[in-house]
Amino acid sequence: MLVLLGVLVVVAGFATRRNPLLVVGAAGIVTGLLGGLSPREVLAAFGTGFAGSRAVTVFAITLPVIGLLERHGLQEQARNLITRFSGLTTGRFLALYLLLRQITAALGLGGVFGHAQTVRPLAAPMAEGAARGRHALTDKAREKVRSYAASADNVGFFFGEDVFLAVGSILLITGFVNTTYHTHLEPLDLALWAIPTALCALAVHGWRLLRLDRTLERALPGAPRSAPADEVAK
Amino acid sequence: MIRAEWFFWLVGGVFLVMAAQMLADRTNPKRLGTAAFWALLGLGFCYSTGVADKSAPAEPLGAAVLVMICLAGFGFTGRGAARTTTAEERAASAARYGNKLFVPALTIPAVALVCAVVVKKVSAGGQPLLQKGSETVLGLGIGALIALVVGMVMLRERRLSIPVHAGRSTLESVGPVMLLPQLLATLGAIFALAGVGDQVRRGTTVLLPEGSVLLAVVVYCVGMFLFTAVMGNAFAAFPVMTAAVGWPVLVEQAHGDAPAVLAVGMLAGFCGTLVTPMAANYNIVPAALLELTDQYGPIKAQLPTAFVLLGCNIAIMSVFAF
């Protein structure tokens with residue numbers, strides 16, 4: 001039972017908002033030692049874990065080009081572009097992004113969108129641009145719009161990708177079950193059962209994204225900008 | 001064959017170059033610690049090749065990771081003044097280039113798409129052109145490099161140091177949180193080594209009375225949700241909860257349809273991923289990338305959706321699997 005103290009360290013650490021790296025480092029050391037690993041094995045575990053998980057950090061390679069484009073006004077242009085489509089509100093734009101993310105993930109293209117390469121440079125500024133066409137955006141509302149942009153990417157990705165056969169989680173399920181229980185499950189059967197939840201996710205989060213427009217309207221008394229969006233764009 | 005390791009060396013090299021820039025940046029009051037952190041990360045990326053193919057010991061890398069944790073955790077890292085353009089310059093540049101600015105940005109996903117669909121099937125000399133299983137990562141990398149060339153030509157930027165400086169500024173603003181997803185993956189491995197899963201399995205079996213299918217469905221789904229929230233990863237929760245409840249109780253005793261039970265169970269775990277800081281690459285890193293003041297902003301936006309979808313999954317499993 002003692003090893004569960006490591007889990008407790010994690011929960012307590014995040015709950016009290018300690019530095020997340022320290023929390024995870026401490027939890028790793030505590031769990032490893034309580035679980036009977038020697039200090040040397042704990043060090044080795046940190047090393048192998050780091051080496052095996054480098055793929056999650058490689059998005060850093062996109063930062064120079066995104067940075068270069070941002071210096072030259074990428075985010076500004078993303079906002080300009082979206083304000084030209086006067087019918088496209090923040091909520092509608094993000095719901096559209098959710099749908100697009102879900103469809104591409106369901107086709108096995110989970111790597112096509114993502115936070116570093118699409119949400120920061122394009123989707124978040126566009127969502128903000130759509131809001132700016134209608135309201136004077138406060139800092140708090142801006143945070144909210146950006147948080148929702150991040151959420152649209154996550155929900156779309158999570159509940160789209162399982163519809164695709166060759167995705168990690170489907171292969172994990174078949175691999176684990178077929179070897180552990182000597183049975184034979186086909187990836188296709190599992191992927192079909194991901195469809196109902198995918199539709200629920202689209203309906204639930206899509207509806208919440210559309211509702212964001214009303215929340216913004218209520219929270220931001222600031223009237224629409226005096227100049228109509230069309231004139232600004234020209 | 002283009003190997004994933006080559007690309008990891010490139011990423012490590014970029015971190016090292018950026019670390020050198022950080023060391024020279026006198027506007028950063030903590031430039032030594034900051035440079036040390038990113039230099040260790042860059043070296044770690046290159047050294048990992050040996051650890052991954054077991055030709056180098058893992059302990060020194062583990063020690064380096066702990067040093068990185070201490071540098072970041074005890075406040076030895078900081079950020080310099082961002083060298084960027086003014087709002088007016090950016091507005092003028094946006095007006096000048098217009099929608100052409102999107103071309104390099106969209107090059108990254110476009111190339112990733114081509115790599116994942118077309119280049120994946122190309123082979124040269126009997127070997128696949130892209131290392132098998134790493135097509136997505138390589139696609140992202142190749143896409144970023146092509147996009148950089150396209151961007152520099154289009155914007156008539158001759159010096160490579162400009163994009164590297166710009167990328168470094170973003171890196172500094174995201175900060176050491178960038179390392180968190182890798183650390184969490186490591187923690188998951190340590191949990192598995194130490195037998196945390198077995199303990200949780202014992203706990204669940206004690207909790208579950210015989211006979212009620214609905215209750216077992218709820219325990220399986222909520223267990224996936226909670227355990228995923230603690231581990232930050234549904235893949236880690238799945239074998240544990242499936243061995244404890246999913247297979248013996250729902251499939252064997254209650255004769256549930258195995259694909260439906262297991263697929264929906266995994267999706268219940270994904271609802272847990274939406275609500276936890278442990279899923280750092282989906283929740284904490286984006287908050288840093290988007291420069292939010294509240295690092296839990298994305299989680300707050302996802303909480304209601306996660307709970308409703310957990311309910312949906314329980315309903316879908318109880319209705320369709322039995």
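1. A residue is called buried when its relative accessible area is under 20%, exposed when that value is over 50%, and partly exposed in between. By this criterion, 57% of the 322 residues of chain B count as buried. The model discussed in this note is a predicted one.

2. The overall form of chain B may be described as follows. Its secondary structure consists of 14 helices and two strands. The C-alpha trace of chain B spans about 70 × 50 × 40 Å along its principal axes. Among contacts in chain B with a separation of 6 or more, 72% join residues that are 24 or more positions apart.

3. The surface of chain B also deserves a remark. About 13100 Å² of chain B is exposed, and 66% of this area is supplied by carbon and sulfur atoms. Chain B carries 20 positive and 15 negative charges, and the mean positions of the two sets are 11 Å apart.

4. The domain assignment divides chain B into domain 1 (4-74), domain 2 (98-174) and domain 3 (179-321). Between the C-alpha centres of domain 1 and domain 2 of chain B the separation is 22 Å. Contact between these two domains of chain B involves 13 residues of domain 1 and 13 residues of domain 2.

5. For chain A, the assignment gives domain 1 (1-37) and domain 2 (54-219). The C-alpha centres of these two domains of chain A lie 31 Å apart.

6. An unreviewed UniProt entry annotates residues 42-69 and 190-210 of chain A as "transmembrane region". In the model, residues 42-69 of chain A are 64% helix and 0% strand, with 42 Å between the end C-alpha atoms. Residues 190-210 of chain A are 90% helix and 0% strand, and here the end C-alpha atoms are 31 Å apart.

7. What does S53(A) contact, once its neighbours within four places in sequence are left aside? The contacts of S53(A) are Q182(B) and A185(B). S53(A) itself is situated in the loop between α3 (39-52) and α4 (63-71) of chain A. S53(A) counts as buried because its relative accessibility is 9%.

8. T118(A) belongs to helix α7 of chain A, which comprises residues 115-132. With a relative accessibility of 4%, T118(A) counts as buried. Apart from residues up to four places away in sequence, T118(A) touches Y97(A), F113(A), A123(A) and D153(A). One of these residues, D153(A), is 35 residues from T118(A) along the chain, and the C-alpha atoms of the pair are separated by 9.2 Å.

9. Two residues that are not glycine merit a check of their backbone angles. H182(A) has a positive phi of about 50 degrees, and E291(B) has a positive phi of about 55 degrees. H182(A) occupies the loop between α9 (168-180) and α10 (187-192) of chain A. E291(B) occupies the loop between α13 (280-289) and α14 (297-320) of chain B.

10. Are H182(A) and E291(B) buried, partly exposed or exposed? The relative accessibility of H182(A) is 72%, so H182(A) counts as exposed. E291(B) has a relative accessibility of 46% and therefore counts as partly exposed.

How values were computed
Residues numbered from 1 in each chain as written. Chains lettered and ligands numbered in written order. Predicted model: local features only at pLDDT ≥ 70, side-chain atom pairs only at ≥ 80, totals over all residues. Heavy atoms only, no water. Helix = DSSP H or I, 4+ residues; strand = E, 2+ residues; numbered from the N terminus. Buried < 20%, exposed > 50% of the residue type's maximum accessible area, 1.4 Å probe, protein only. Contact = heavy atoms within 4.5 Å. Areas by Shrake-Rupley, 256 points an atom, 1.4 Å probe, with all protein chains shown as cover. Lys, Arg positive; Asp, Glu negative; His and termini not counted. Charge placed at Lys NZ, Arg CZ, Asp CG, Glu CD. UniProt positions renumbered as here; feature names shortened; annotations may be inferred. Domains from an automatic or database assignment.
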